[in-house]
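This report goes through selected features of a single protein chain, from helix packing to charged pairs and backbone geometry. Please keep the sequence and the structure at hand while reading.

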Amino acid sequence: MELQIRELALPLVHEFTIARGSETTAHTAIFRLQYDGLEGLGETAPIARYGESVESVLAHFAARPLACGDPFALETMLAGIPPAARCGLDVALHDLIGKILGRPLWQLFGLDRTATPQTSFTIGIGTIEETLAKVEEIRDHPILKIKLGKGNEIETIAAIRARYTGAIRIDANEGWTAGEAVAVLRELARYDIEFCEQPIPAGFPEQLRSIRERVAIPIVSDEDAQTAADLPRLAGCVDGVNVKLVKCGGLRAALAMIHTARALGLRVMLGCMVESAILATAAAHISPLVDWADVDGPFLVADDPFEGLSYDRGKLVLPDSPGLGVREVAHA
């Protein structure tokens, strides 16, 4: 078994801004796992918020060889690897296993490929004029997720709702204090907001509980919910949790989060980073298990070198070829 990893730069359709910063190009790491004449594709999109980067992923595998040469020995292969690095290897291994067995991942997981949810389309922070121009570009999409957390929240959502009738979700990315969150969310309740994601900095579940008890808009945790081990302390404090493959460490870790959340009575959102079709398609394969999807990374990318997952009026459409069902495409 041979592993190759390279950095992939993904230019974006628009500059993407959240409460923590902006980017015009996303950087991910592509994994190619060679075994018995087959290639497993994987990807990770490390999150600086958790102290990880493409460089840290490359450094990890440069210093540590693969634990064994058996792609089915997942526990052995993935043990002791940091989340972002583990995500890339986990996805490549699952793609490889699906190709060895000749089955798509959704089938290996025993899922109904027709039971996928609709995904939201994320719009980053901008001026009201910039935001409305982006809404106009994708106004037929059934669900929007609007990034907030740097002011003008009420005015922004009011302007969007004046011309958009679909579902609206909001995400503050830890941008408010608890008091600000209550004040803003009470004002926004009139605009039929489906839920608010991570209104305050992570680490204060009782403040999330207080916000949830004082506002009508459901609360979903993201930065507070990195792995399954984080979820028990969030029970009763939020309505749901956002599961991301790169945040928790791949498909196996994501499944653990989903099942833990269900046991705790929490709803589940499946999220993504700005990433190529490899990682987005991997997430989509487990989407029949969740309530909400935000698997829109490929929407935000100007030139994706991979194809897999597709969309039908926002509904996630899974490939039916073995493994991930992702293929590399040539661009002029």
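## Helix packing

Helix α7 crosses helix α8 in a right-handed sense. The model is a predicted one. Helix α7 covers residues 178–188 and helix α8 residues 205–214; their axes lie 10 Å apart and form an angle of about 20°. Because angles under 35 degrees count as roughly parallel, α7 is roughly parallel to α8.

Another packed pair is formed by helix α5 (residues 128–137) and helix α6 (residues 153–161), with an angle of about 30° and a distance of 10 Å between the axes. These helices, α5 and α6, are therefore also described as roughly parallel to each other. The crossing of α5 past α6 is right-handed.

Helix α8 also contains E213. With a relative accessible area of 63%, E213 is exposed. Its C-alpha lies 9.4 Å from that of V238, and the two residues are 25 positions apart in sequence.

## Salt bridges

Side chains of opposite charge can pair when their charged atoms come close. In this structure there are 22 salt bridges. Three of them are listed here, with the closest distance between nitrogen and oxygen.

| Salt bridge | N to O distance |
|---|---|
| R32 and E328 | 2.8 Å |
| K99 and D95 | 3.0 Å |
| D291 and R267 | 4.0 Å |

How far apart in sequence are the parts that R32 and E328 tie together? The salt bridge between R32 and E328 joins parts of the chain that are 296 residues apart, since R32 belongs to strand β2 (residues 21–35) and E328 to strand β15 (residues 327–328). R32 is buried, at 14% relative accessible area, whereas E328 is partly exposed, at 43%.

The pair K99 and D95 sits within one element: both residues belong to helix α3, four residues apart, or about one turn of the helix. Is D95 buried or exposed? D95 has a relative accessibility of 1% and counts as buried. K99, at 25%, is partly exposed.

The salt bridge between D291 and R267 has its closest N and O atoms 4.0 Å apart. This pair links distant parts of the chain, 24 residues apart: D291 is in the loop between α11 (277–285) and β11 (292–293), and R267 is in strand β10 (residues 267–270). Partly exposed is the class for D291, with a relative accessible area of 27%, and for R267, with 41%.

Beyond these pairs, a network of salt bridges links K145, K147, D171, E197 and D294.

## A nonpolar patch at the surface

Which residues make the nonpolar surface patch of about 320 Å²? The patch is made by F72, I100, L101 and L108. One of these residues, I100, lies in helix α3, which spans residues 83–101. I100 has a relative accessibility of 32% and is classed as partly exposed, because that class lies between the buried limit of under 20% and the exposed limit of over 50%. Helix α3 thus carries a residue of the patch, I100, as well as both partners of the salt bridge between K99 and D95.

## Backbone and a buried cysteine

Two residues that are not glycine have a positive phi. For E174 the value is about 70°, and for D192 phi is near 60°. E174 is in the loop between β6 (167–171) and α7, while D192 is in the loop between α7 and β7 (193–197). Their accessibility classes are as follows: E174 is buried, with a relative accessible area of 14%, and D192 counts as exposed, at 59% relative accessibility.

Where does C248 lie? C248 is part of helix α9, residues 245–248. C248 counts as buried, at 1% relative accessibility. From C248 to L300 the C-alpha distance is 22 Å, and the two residues are 52 positions apart in sequence.

Methods
Residues are numbered from 1 along each chain as its sequence is written. This is a predicted model: local features need pLDDT of at least 70, side-chain atom pairs count only at pLDDT 80 or more; totals for chains, interfaces and linings use all residues. Side-chain values use heavy atoms; hydrogens and water are left out. Patches are made of residues with over 30% relative accessible area and no salt bridge: like charges are joined within 9 Å, nonpolar side chains (Val, Leu, Ile, Met, Phe, Trp, Tyr) within 5 Å. Accessible areas come from the Shrake-Rupley method with a 1.4 Å probe; for residues, only the protein chains shown count as cover. A salt bridge is a side-chain nitrogen of Lys or Arg within 4 Å of a carboxyl oxygen of Asp or Glu. Helices (H or I, at least four residues) and strands (E, at least two) are DSSP runs, numbered from the N terminus. Buried means under 20% relative accessible area, exposed over 50%, partly exposed in between (1.4 Å probe, protein chains only). Axes are lines fitted to C-alpha atoms, for helices over the stretch in contact, and angles run from 0 to 180 degrees between N-to-C directions. Angles under 35 degrees count as roughly parallel, over 145 as roughly antiparallel, 65 to 115 as roughly perpendicular and the rest as oblique. A crossing is left-handed if the near helix is turned anticlockwise from the far one by less than a right angle, and right-handed if clockwise.
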